[in-house]
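Here's a quick briefing to read with the model open beside you. It starts with some packing and then works outwards.

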Amino acid sequence: MSTLDHLTPVPAISQLERIMRAERLAFSAKLRASRAVLGLSQEQLGRSAGLTQRAVHCIESGAVQPKLRTIRLIQRFWQERGIAFEDLANGGRLVVDSAVI
């Protein structure tokens with residue numbers, strides 16, 4: 001018997017988990033980018049979108065997977081301010097209505 005036989009095998013991260021993590025990090029990057037373009041603090045964005053500053057922080061850091069309701073609040077916030085994102089094969093692009101800048 002090997003000295004490693006007593007260790008429980010650690011399951012590899014599934015493909016689905018990798019995809020979900022990538023999507024969560026992409027969404028958090030979009031939130032940070034939109035906030036920067038609009039010149040808002042986390043607190044200001046949260047107040048405007050119906051979230052707390054802590055929720056914005058947790059989403060931006062990628063620490064949490066936002067609920068569908070939260071995603072919809074943020075998407076409505078973006079839409080109301082002329083912010084959109086295009087998903088491209090090699091990444092994405094932030095599209096800002098010229099009235100915003």
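**Packing, pocket and a few residues**

The buried residues of helix H3 pack against H1, H2 and H4. They are Val56, Cys58, Ile59 and Glu60. Keep in mind that this is a predicted model. Here's the rest, topic by topic.

**Overall layout**

- You're looking at four helices and two strands, and from the N terminus on they run α-α-α-α-β-β.
- The protein has 101 residues, and buried ones make up 23% of them.
- Take the contacts between residues at least 6 apart in sequence: 51% of those join residues at least 24 apart.
- About 7,300 Å² of the protein is exposed, with carbon and sulfur atoms supplying 55% of that area.
- Just past H3 comes Gly62, which has a positive phi, near 80°.

**The largest nonpolar core**

- This core has 13 residues, and the ones touching the most other members are Phe27, Leu31, Leu45, Leu51, Ile74 and Trp78.
- Two or more core residues come from each of helix H1 (15-38), helix H2 (42-49), helix H3 (53-61) and helix H4 (68-80).
- H4 gives the largest share of the core, with five residues.
- What does Phe27 touch, leaving aside its neighbours within four places in sequence? Its contacts are Ile59, Pro66, Ile71, Ile74 and Trp78.

**The largest pocket**

- Now for the empty space: the largest pocket holds about 390 Å³.
- Its lining runs to 16 residues, and Glu23, Ala26, Phe27, Lys30 and Asp87 lie nearest the centre.
- Phe27 therefore turns up twice, since it is among the core residues that touch the most other members and among the lining residues nearest the pocket centre.- At least two lining residues come from each of H1, H4, strand S1 (83-88) and strand S2 (91-96).
- H1 supplies the largest share of the lining, eight residues.
- By type, the lining divides into nine nonpolar, three polar and four charged residues.

**Two residues on H1**

- Ser34 sits in helix H1. Is it buried or exposed? Ser34 counts as buried because its relative accessible area is 0%.
- Leaving aside neighbours within four places in sequence, Ser34 is in contact with Leu45, Trp78, Ile83 and Phe85.
- Arg35 also has its place in helix H1. Arg35 is at 18% relative accessibility, so it counts as buried, the cut-off being under 20%.
- With neighbours within four places again left aside, Arg35 is in contact with Leu40, Ser41, Gln42, Leu45 and Glu60.
- Leu45 is on both contact lists, that of Ser34 and that of Arg35.
- Glu60, a contact of Arg35, is one of the buried residues of H3.

**Towards the C terminus**

- Ala99 is in the segment after S2.
- Ala99 counts as exposed because its relative accessibility is 68%, and the cut-off for exposed is over 50%.
- Ala99 and Arg81 are 18 residues apart along the chain, with 9.0 Å between their C-alpha atoms.

Key:
Residues are numbered from 1 along each chain as its sequence is written. This is a predicted model: local features need pLDDT of at least 70, side-chain atom pairs count only at pLDDT 80 or more; totals for chains, interfaces and linings use all residues. Side-chain values use heavy atoms; hydrogens and water are left out. A nonpolar core is a set of buried Ala, Val, Leu, Ile, Met, Phe, Trp, Tyr and Cys residues joined through side-chain atoms within 4.5 Å. Buried means under 20% relative accessible area, exposed over 50%, partly exposed in between (1.4 Å probe, protein chains only). Contact means heavy atoms within 4.5 Å. On a 1 Å grid over the protein atoms alone, a cavity is a set of points where a 1.4 Å probe fits but cannot get out, and a pocket is an open set with protein on both sides within 12 Å along at least five of seven lines; lining residues have an atom within 4 Å of a point. Grid points are joined across faces, edges and corners, and a volume is the space filled by probe spheres set on the points. Ala, Val, Leu, Ile, Met, Phe, Trp, Tyr, Cys and Pro count as nonpolar, Asp, Glu, Lys and Arg as charged, and the others, Gly among them, as polar. Accessible areas come from the Shrake-Rupley method with a 1.4 Å probe; for residues, only the protein chains shown count as cover.
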